[in-house]
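Thanks for coming, everyone. I would like to walk you through one structure this morning, going slowly enough that nobody needs to have seen it before, so please bring it up on your screens.

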Amino acid sequence: MTLEPHQSHLDVWGHTNNVCYIQWMQDVAVAHSAALGWDSKEYLSHNSMWVVRSHSIEYKHSSYLGDRIFVQTWIAEMRKVSCLRRYRFLKLPKEMDIPEVSSPCGFIARDALDKYSPELLASAETTWAFVSSDALKPIRVFSDLSALFDLSVEECRNRFRPKEF
């Protein structure tokens, strides 16, 4: 996901408030799941949902109004009733065109931007628990859902490639 901090994202010191990073972590996680076919309607139809158990963020550099930030996410570890999702927040160089970071299917490799030497703003991780949406009790992650998150970038490209490509 590519985004730009707005005035409302800034704290009194003029840099992006840390709360925004948590919101962006949730936004990109939800978008990733939806891109794989598991949007909120799909989870509801299976009486299930993900809830946050913990967040951890390590800030390296600040971001400011006008910066272009690329947020990457991936599942680092799938467990029986939870998963560990990781994130990278990268400041894109001003001269880099946004279309260069997009892929037709919405998936790119974690290291695809390294040739541009983007500045690492922060790295983070979230432990998500998988629960039933009615009882809010942990349930086993469905095998077909787990398999989707295990797809490699190349498998995702092939599976979700738009028909015109």
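Let us start at strand β3, where Phe70 is the bridge partner of Thr2. That contact belongs to the pairing of strand β1, residues 2–3, with β3, and these two strands run antiparallel and are joined by 2 bridges. I should say at once that what you are looking at is a predicted model, so please hear everything that follows as a description of that model.

Staying with β3, we can turn to its other pairing, which is with β4: here the sense is again antiparallel, and the pairing extends over 9 bridges. One of the partnerships to look for is that of Gln72, whose bridge partner in β4 is Arg88. If you follow the chain from β3 into β4, you will see that the two strands form a hairpin, with 3 residues between them. As for how covered β3 is, the strand spans residues 69–78, and 7 of its 10 residues are buried.

Next, the cysteines and the aromatic rings. How many disulfides does a search of the whole structure find? The count is 0, and two cysteines worth pointing out are Cys20, which counts as buried because its relative accessibility is 12%, and Cys83, which counts as buried because its relative accessibility is 2%.

The aromatic side chains give us rather more to talk about, since the search of the whole structure finds 8 aromatic pairs. One of them is formed by Tyr21 and Tyr59, which meet edge-to-face, at 5.3 Å centre to centre and with 80° between the planes. This pair links distant parts of the chain, with Tyr21 in helix α1 and Tyr59 in strand β2, 38 residues apart. Is each partner buried or partly exposed? Tyr21 has a relative accessible area of 2% and is therefore buried, whereas Tyr59, at 38% relative accessibility, counts as partly exposed.

A second pair to find is that of Tyr43 and Phe130, which is also edge-to-face, with 6.4 Å from centre to centre and 65° between the planes. Because Tyr43 lies in helix α2 and Phe130 in strand β5, residues 119–132, this pair ties together parts that are 87 residues apart in sequence. Both partners are buried, Tyr43 at 9% relative accessibility and Phe130 with a relative accessible area of 0%. These two rings also belong to a cluster, in which ring pairs link Trp38, Tyr43, Trp50, Phe130 and Phe142.

Tyr43 and Trp50 bring us to the last stop, the second largest pocket, since both are among the residues that lie nearest its centre, together with Val30, Ser33 and Trp128. This pocket has a volume of about 320 Å³, and its lining is made up of 17 residues. Which parts of the chain supply at least two residues each? They are α1, residues 18–35, α2, residues 40–45, β2, residues 48–59, and β4, residues 82–91, and the largest share, 4 residues, comes from α1. In character, the lining residues divide into 11 nonpolar, 4 polar and 2 charged.

So, to retrace the route on your own screens, begin with β3 and the hairpin it forms with β4, move on to the ring cluster that includes Tyr43 and Trp50, and finish at the pocket whose centre those two residues lie nearest, along with Val30, Ser33 and Trp128.

Key. Residues are numbered from 1 along each chain as its sequence is written. This is a predicted model: local features need pLDDT of at least 70, side-chain atom pairs count only at pLDDT 80 or more; totals for chains, interfaces and linings use all residues. Side-chain values use heavy atoms; hydrogens and water are left out. On a 1 Å grid over the protein atoms alone, a cavity is a set of points where a 1.4 Å probe fits but cannot get out, and a pocket is an open set with protein on both sides within 12 Å along at least five of seven lines; lining residues have an atom within 4 Å of a point. Grid points are joined across faces, edges and corners, and a volume is the space filled by probe spheres set on the points. Ala, Val, Leu, Ile, Met, Phe, Trp, Tyr, Cys and Pro count as nonpolar, Asp, Glu, Lys and Arg as charged, and the others, Gly among them, as polar. Buried means under 20% relative accessible area, exposed over 50%, partly exposed in between (1.4 Å probe, protein chains only). Two strands pair if DSSP finds at least two bridges between them. A disulfide is a pair of cysteine sulfur atoms within 2.5 Å. Rings of Phe, Tyr and Trp (its six-membered ring) pair if their centres lie within 6.5 Å; planes under 30 degrees apart count as stacked, over 60 as edge-to-face and the rest as tilted.
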